[in-house]
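Trainee: Could you walk me through this model in small steps? I am new to it.

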Amino acid sequence: MKKLIFFIALIFIAATTIAQLNTNLILAAQPPASLSEWGVRREILTYIINTQPGLSFPVIIKAEIKTTDGTVIGTTDLAKAKVFTPGSATTILFAADVLPLENILFTGKYKTSIQRTGKLPADNYILCVQLVRPVDFTPASASVCKTFYLASIQLPILMKPYNEELLDGKIAQTAITFRWTPVVPPQTPPVTYRLQVFEVLAHQQPMQALRSNQPLLDQEIKGSTQYIWRPQLSFLPPAPVVSDSAHDKKKTFLRFTWTIQSLDALGLPVTQTDANGEARSEPIVFFVKPTARKNN
Amino acid sequence: MAIKNIIATVLFFLFFYAATAQEVKEKLNISGTAGISYEGYGLHRSPSGWLGYTPRRPWNQVRFNFSPTFKFGKNFSLPFNLNFAVKPTNFAGPYSGIIKQDFGQYITNPMNNFSVNPKYKWAELQLGTQYLKYSDLSTGDIGIFGAGIDLRPKTLRIKFFSGISQQGINYFAGPPTVTGAYKRRNWMFQLGTEEEGKYLFAVNFAKGKDVPTSSAPPPLTIRPQEGVVVSIVSDLYLEKGFYFKGEGAQSTFTKDIATPLTLILKGFRPFIEARTSTITDFAAQVAVGKKSKDFDIGLTTKYLGAGFQTVGYPYQQPDRLDMTLNTRFNAWKDRNKNYKMNVVASLGRRINNVNNTALKAKQFIGNLNWFTQFNDQWSLNVNYNNFGFQSASGINPFGIKNVSNDFGFNPTYNKSTTKMNHLFSFSYNYSKYDERDVITGLTTSNNTHTAVLTYVPTYFEKEISPDFSILYFYNDVPMAKIKLATFSSALSMPAAKKKLRLRGQLQYTLGKLNSFSSNNNLIASCNVDYKITKKLTWNTYLTTNYFKYGNEIIPNGANYLESTCRTGFQYSFSTKK
């Protein structure tokens with residue numbers, strides 16, 4: 001009888017100690033390259049913990065980022081990680097909880113890359129997440145892993161008209177061809193390029209014109225990297241400048257600045273934490289020579 | 001804030017004290033320009049309810065400019081620059097979509113400039129909106145409303161400026177959508193030594209920081225940021241036109257101030273603390289070359305690390321290495337020892353992804369412009385432009401490959417008689433753009449041919465100046481062929497005893513897409529410049545554009561008429577006799 005009681009007690013203790021929580025990890029296949037951006041966008045990573053009734057105990061989230069050959073390049077510093085107790089039913093966590101960057105220790109070249117760029121080198125990676133118990137860090141759930149591909153988005157570079165190109169007014173008044181490089185890597189669904197052309201007025205800097213004028217062209221182009229614009233504008237020479245300044249006298253050409261904004265399927269910028277947050281390419285200027293007449 | 005106000009006030013009074021002490025007795029001279037202009041825009045679309053063409057100018061806009069310079073003697077000047085518009089028309093950047101502005105937003109809106117820069121000898125006080133460029137890698141692209149100094153005693157250079165480059169703007173879903181922005185404070189400082197045309201050595205510091213609580217609701221897609229950049233600039237100009245220019249910079253940038261502090265990453269204390277979104281990277285640029293009257297050559301290299309980011313150049317694209325070789329030379333002298341030939345060429349290579357955080361992309365850029373004046377009658381301009389872009393494409397089977405080639409050929413013939421001059425100019429451009437599909441690997445070619453013939457008669461004894469041109473444009477890409485034919489003529493003439501200058505242009509374009517019926521476009525425009533007095537002019541520009549589609553869109557035959565009227569007075573004044 002004693003043996004039976006001891007055996008039952010042993011089974012109960014074993015069952016309690018190896019009791020595990022059910023978890024599920026959902027991760028975007030091609031998340032943003034800036035790891036800090038994961039924390040502000042909830043759709044990137046979701047970690048679901050299902051707790052059985054009466055089986056709730058404190059846990060720590062252990063996250064590991066591995067290369068495809070299994071080498072661990074970043075892991076949670078368990079000593080600093082937050083201890084929490086999942087709720088009685090389902091607990092849903094996001095990247096800010098699962099992968100808190102302030103507690104992730106990166107190694108070697110990956111650490112350097114994170115420090116300099118906030119990104120990991122472009123490659124395929126595996127993220128594994130597991131719940132562990134505080135103090136002894138024994139597993140409290142199975143490790144769930146998801147593969148993801150990381151590559152920083154390169155915005156288009158404006159190619160034609162190139163910076164400070166002088167266009168012939170007689171040709172430009174019929175058609176101006178714009179070309180740019182595509183967003184790299186290619187996105188699915190294809191990127192929508194928003195092409196904007198702004199007139200630079202006499203007293204304006206090009207950047208001032210871009211940030212304050214209504215665009216003469218505001219066109220969305222899906223997938224393609226060329227657009228032929230029929231300006232439907234008259235490129236008569238601007239009014240003569242009254243000022244005596246030599247700088248103003250040079251303003252005989254009409255000035256324009258153009259840029260591309262790269263948008264995703266929802267119409268949002270394809271990258272939100274790099275540079276200006278608007279996913280706008282570096283704008284450049286082009287000029288239009290009003291007429292063929294040399295003495296004008 | 002109180003300390004800054006005190007410093008600004010003290011500096012301001014110091015300037016005026018210094019100026020008035022010596023110069024009050026000397027003569028005051030006022031010069032500059034003042035102007036007001038109105039722009040009206042109209043758009044009528046048919047059939048009623050069709051919205052296929054959107055307005056591209058504000059319906060009404062009034063702009064003012066007033067730029068007087070007060071000069072007290074030869075050492076003290078007080079230039080004002082006031083340029084402002086009545087209605088906001090921001091479509092890009094932090095003020096995008098704003099309609100109602102408060103006072104702070106109005107004066108910092110990039111469409112308005114309010115500045116005064118009192119200057120006494122080598123000391124300049126900078127107040128109001130300033131577009132200050134300290135260097136290529138530190139700060140220079142944005143206008144900041146604030147106060148600062150620019151001191152240049154002998155060869156020393158001391159500059160400091162502090163202000164606001166954008167105000168907090170609340171997000172509004174619309175319509176129209178207001179993107180929203182955080183208020184951004186900026187500081188910049190330069191200490192250096194310079195002798196113009198000989199050398200420059202300077203250390204630059206620039207900082208920008210967003211105020212996270214400055215907008216409610218905050219922007220949806222933009223995070224509050226903070227950045228610091230430190231750079232060292234060195235320019236050297238040697239004998240015989242040789243020069244060397246170099247700059248090295250380090251930026252520390254926090255992409256999201258709301259992210260937690262960390263000890264794992266590097267900050268730049270006491271200017272910026274490390275957060276989990278903080279990055280620190282480097283940039284450098286070097287230019288060497290020689291400049292002379294008939295020959296220039298220069299090599300420029302620019303490296304921007306993947307994490308190099310500054311608030312002074314918000315649209316700068318990082319993670320690249322650019323190398324450009326530029327040259328310009330004159331050759332082939334005529335009997336009068338004037339050069340007949342001018343060649344301008346450049347070769348460039350850009351590599352993206354220097355830090356391996358992205359996919360490797362390589363670009364080649366080549367430009368050539370070759371002008372030859374054979375004799376008094378004939379000249380020829382030839383230009384060639386090429387760029388190529390290649391990159392892997394991640395999980396797709398084929399890499400990206402885009403190649404563009406443009407070739408232009410432009411002979412001009414000039415013939416003079418005793419009464420007039422005839423100028424015939426012909427221009428032909430061929431453009432080929434190849435794009436590879438990353439899924440199928442197939443390359444599509446986009447070919448464009450453009451030919452223009454222009455005739456410009458110039459009458460020696462008459463005051464009318466007409467010109468005529470005819471253009472043919474053909475673009476061929478799979479599934480789409482565009483043909484355009486344009487006829488245009490312009491006329492320029494004085495009137496009212498040369499007080500009035502009239503210029504007009506009429507342009508008709510017949511367009512055709514594939515086998516659809518033709519579309520038609522007629523543009524009429526004129527400029528009337530009236531010199532009311534020697535110093536006051538009245539400039540008016542009127543244009544109207546009528547476009548009628550064929551059956552390439554639904555509803556068939558849709559059309560629109562847009563008109564623009566821009567008129568304004570410009571006054572130039574000076575008390576100097």
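The questions and answers below take chain A and then a run of strands in chain B.

Mentor: Some ground rules come before we start. Residues are numbered from 1 along each chain as its sequence is written, while chains are lettered from A and ligands numbered from 1 in the order in which they are written. This is a predicted model, where local features need pLDDT of at least 70 and side-chain atom pairs count only at pLDDT 80 or more, while totals for chains, interfaces and linings use all residues.

Trainee: How far apart do the C-alpha centres of domain 1 and domain 2 of chain A lie?

Mentor: Domain 1 of chain A covers 18-150 and domain 2 covers 158-289. Such bounds come from an automatic or database domain assignment. The separation of the two C-alpha centres is 43 Å.

Trainee: What share of the residues of chain A count as buried?

Mentor: A residue is buried if 20 or more other C-beta atoms lie within 10 Å of its own, exposed if 12 or fewer, and partly exposed in between, with C-beta atoms placed from the backbone. Chain A has 296 residues, and the buried share is 44%.

Trainee: Which strands stand at the edges of the open sheet of five strands in chain A?

Mentor: Strands (E, at least two residues) and helices (H or I, at least four) are DSSP runs numbered from the N terminus, and two strands pair if DSSP finds at least two bridges between them. The sheet has antiparallel pairing and the order E6-E4-E3-E7-E8. An edge strand here has a single partner, so one side of it is left without a neighbour in the sheet, and in chain A these strands are E6 (104-106) and E8 (144-150).

Trainee: Which residue is the bridge partner of A:Ala63 in E7(A)?

Mentor: Strand E3 (residues 60-67) and strand E7 (residues 123-132) of chain A run antiparallel, joined by eight bridges. In E7(A), A:Ala63 is partnered by A:Val129.

Trainee: Moving to chain B, which residue takes a positive phi in the hairpin of E24(B) and E25(B)?

Mentor: E24 (residues 500-513) and E25 (residues 519-531) of chain B pair in the antiparallel sense over twelve bridges, and one of the partnerships is B:Leu500 with B:Tyr530. Five residues lie between the strands, and the one with a positive phi near 45 degrees is B:Asn514.

Trainee: Which residue in E26(B) stands opposite B:Lys531?

Mentor: E25(B) also pairs with E26 (residues 536-548) of chain B, in the antiparallel sense over twelve bridges. A hairpin of four residues joins E25(B) to E26(B). Opposite B:Lys531 stands B:Thr537.
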